Amino acid sequence: MSEQNKKSGFISLVGKTNVGKSTLLNEILGQKISITSRKPQTTRHRLLGIKTIEDSQMIFIDTPGFHADHKRALNQYMNKVASSAMKGVDVLIYVIECLNWTEEDQQLTNQIREDHEASILVINKIDKIHQKEDLLPFIKIMSDLHLFSDIVPISALKKQNITALIDSILAKLPVGQHIYPSDQVSDISERFLASEIIREKCITRVGDELPYRISVSIEKFIEEENIVHIDANLFVEKNSQKGMLIGASGSKLKAIGTASRLELEEILQTKVMLNLWVKVKTGWTDDEAMLSTMGYDLGKSR
Ligand SMILES: Nc1nc2c(ncn2[C@@H]2O[C@H](COP(=O)(O)OP(=O)(O)OP(=O)(O)O)[C@@H](O)[C@H]2O)c(=O)[nH]1
Ligand SMILES: [Mg+2]
């Protein structure tokens with residue numbers, strides 16, 4: 001392959017929380033690098049997913065979803081990570097849920113017209129549309145906004161129309177040298193992925209408010225020949241939350257530990273010995289200094 005024919009570019013996935021950005025990234029990569037859940041504000045960090053197809057290297061940036069609650073330092077941090085990923089990329093993918101374009105979307109995309117030659121509106125979750133004939137008029141309304149160069153309806157979960165989306169991205173990718181080896185899929189470490197898998201298992205097993213109060217920190221990650229030893233702290237903000245996470249006679253924490261271990265064993269392809277501790281760190285979601293020591297730092301997003 002001649003060097004001049006190579007294409008490479010950064011593609012960010014942005015949009016409101018819960019629209020399916022991380023599900024889409026995992027589907028494109030064919031591998032889970034970004035955790036997902038039906039609860040809002042799942043992704044907290046910017047992370048890269050890399051897909052190389054022949055002479056084209058697509059470097060995707062998954063971001064935290066935008067959300068209106070700006071009050072806490074953690075929420076402000078997440079919105080900042082998302083807006084910084086809207087700038088300086090080669091292709092911007094703005095994801096929405098089918099038939100759902102809001103005032104907030106309008107505001108968030110206002111800057112696209114000036115900043116981006118190449119922007120794609122992804123209308124996700126088309127599998128949820130009851131009346132299929134509703135889709136075409138919606139696409140027409142979106143197209144009349146004149147904000148996006150392409151509009152691609154997909155279902156990330158049901159793997160519908162992903163090839164059309166890839167084709168649209170490839171057509172917009174600039175000429176350039178590849179930055180990563182062709183078999184590299186992400187820039188995240190196994191240690192970081194472990195903390196995220198554990199956080200995902202917490203999110204799915206607790207009530208609606210608690211997910212935003214939980215942070216996971218890996219204290220030990222030691223790889224031996226046939227086993228990986230992982231110790232992790234789960235931080236919450238209050239003693240009452242600690243009880244909710246541990247559950248009656250430790251049942252909830254045990255379930256979180258088992259589900260995390262099984263998935264980590266699958267990902268790491270080895271046995272995993274996992275120990276979890278729940279600790280209270282009062283007010284961590286609204287304390288910039290604490291956020292920084294816990295790895296939420298705009299300078300280094302992970
Ligand atoms: N029915 C349906 N559900 C989907 C689809 N794509 C994603 N979901 C679900 O939508 C929920 C949110 O998905 P995520 O991928 O976590 O969404 P996100 O945009 O990354 O959310 P944040 O990280 O919070 O910004 C999950 O329960 C997914 O399974 C889809 O195409 N169809
Ligand atoms: Mg996400």
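Ala, Val, Leu, Ile, Met, Phe, Trp, Tyr, Cys and Pro count here as nonpolar, Asp, Glu, Lys and Arg as charged, and the others, Gly among them, as polar. The model is predicted, so local features need pLDDT of at least 70 and side-chain atom pairs pLDDT 80 or more, while totals for chains, interfaces and linings use all residues. Residues are numbered from 1 along each chain as written, chains are lettered from A and ligands numbered from 1 in written order, and side-chain values use heavy atoms, without hydrogens and water.

**Exercise 1. Describe the shell of residues around ligand 1.**

Step 1. The shell (residues with a heavy atom within 4 Å) holds 22 residues, and the closest are Thr17, Lys21, Thr23, Thr43 and Asp127.

Step 2. Sorted by class, the shell consists of 13 polar, five charged and four nonpolar residues.

Step 3. Helix α1 (residues 21-29; a DSSP run of H or I, at least four residues, numbered from the N terminus) gives the shell its largest share, three residues.

**Exercise 2. Find polar contacts (N or O pairs within 3.5 Å) that ligand 1 makes with Thr43, Asp127 and Ala156.**

Step 1. Begin with the side chains: a polar atom of Thr43 stands 2.8 Å from an oxygen atom of ligand 1, and an N or O atom of the Asp127 side chain is 2.7 Å from a nitrogen atom of the ligand.

Step 2. Turn to the backbone: an N or O atom of Ala156 lies 3.0 Å from a ligand oxygen atom.

**Exercise 3. Characterise the largest pocket.**

Step 1. A pocket is an open set of points on a 1 Å grid over the protein atoms alone, where a 1.4 Å probe fits, with protein on both sides within 12 Å along at least five of seven lines; lining residues have an atom within 4 Å of a point.

Step 2. The largest pocket contains about 550 Å³ of space (the volume filled by probe spheres set on the points, joined across faces, edges and corners). Its lining has 32 residues, with Gly20, Ser22, Thr23, Thr36 and Ser37 closest to the centre.

Step 3. Helix α1 contributes the most to this lining, five residues. The classes are 17 polar, 10 charged and five nonpolar.

**Exercise 4. Repeat the analysis for the second largest pocket.**

Step 1. This pocket holds about 300 Å³. Among its 16 lining residues, Phe192, Ser195, Val216, Ser217 and Met294 are closest to the centre.

Step 2. Helix α7 (190-205) and strand β7 (215-223; a DSSP run of E, at least two residues) each supply at least two lining residues. The largest share, five residues, belongs to α7.

Step 3. By class, the lining has six polar, five nonpolar and five charged residues.

Note on methods. A polar contact is a pair of N or O atoms within 3.5 Å; within protein, one must be able to donate a hydrogen and the other to accept it, and residues adjacent in sequence count only if both atoms are side-chain atoms.
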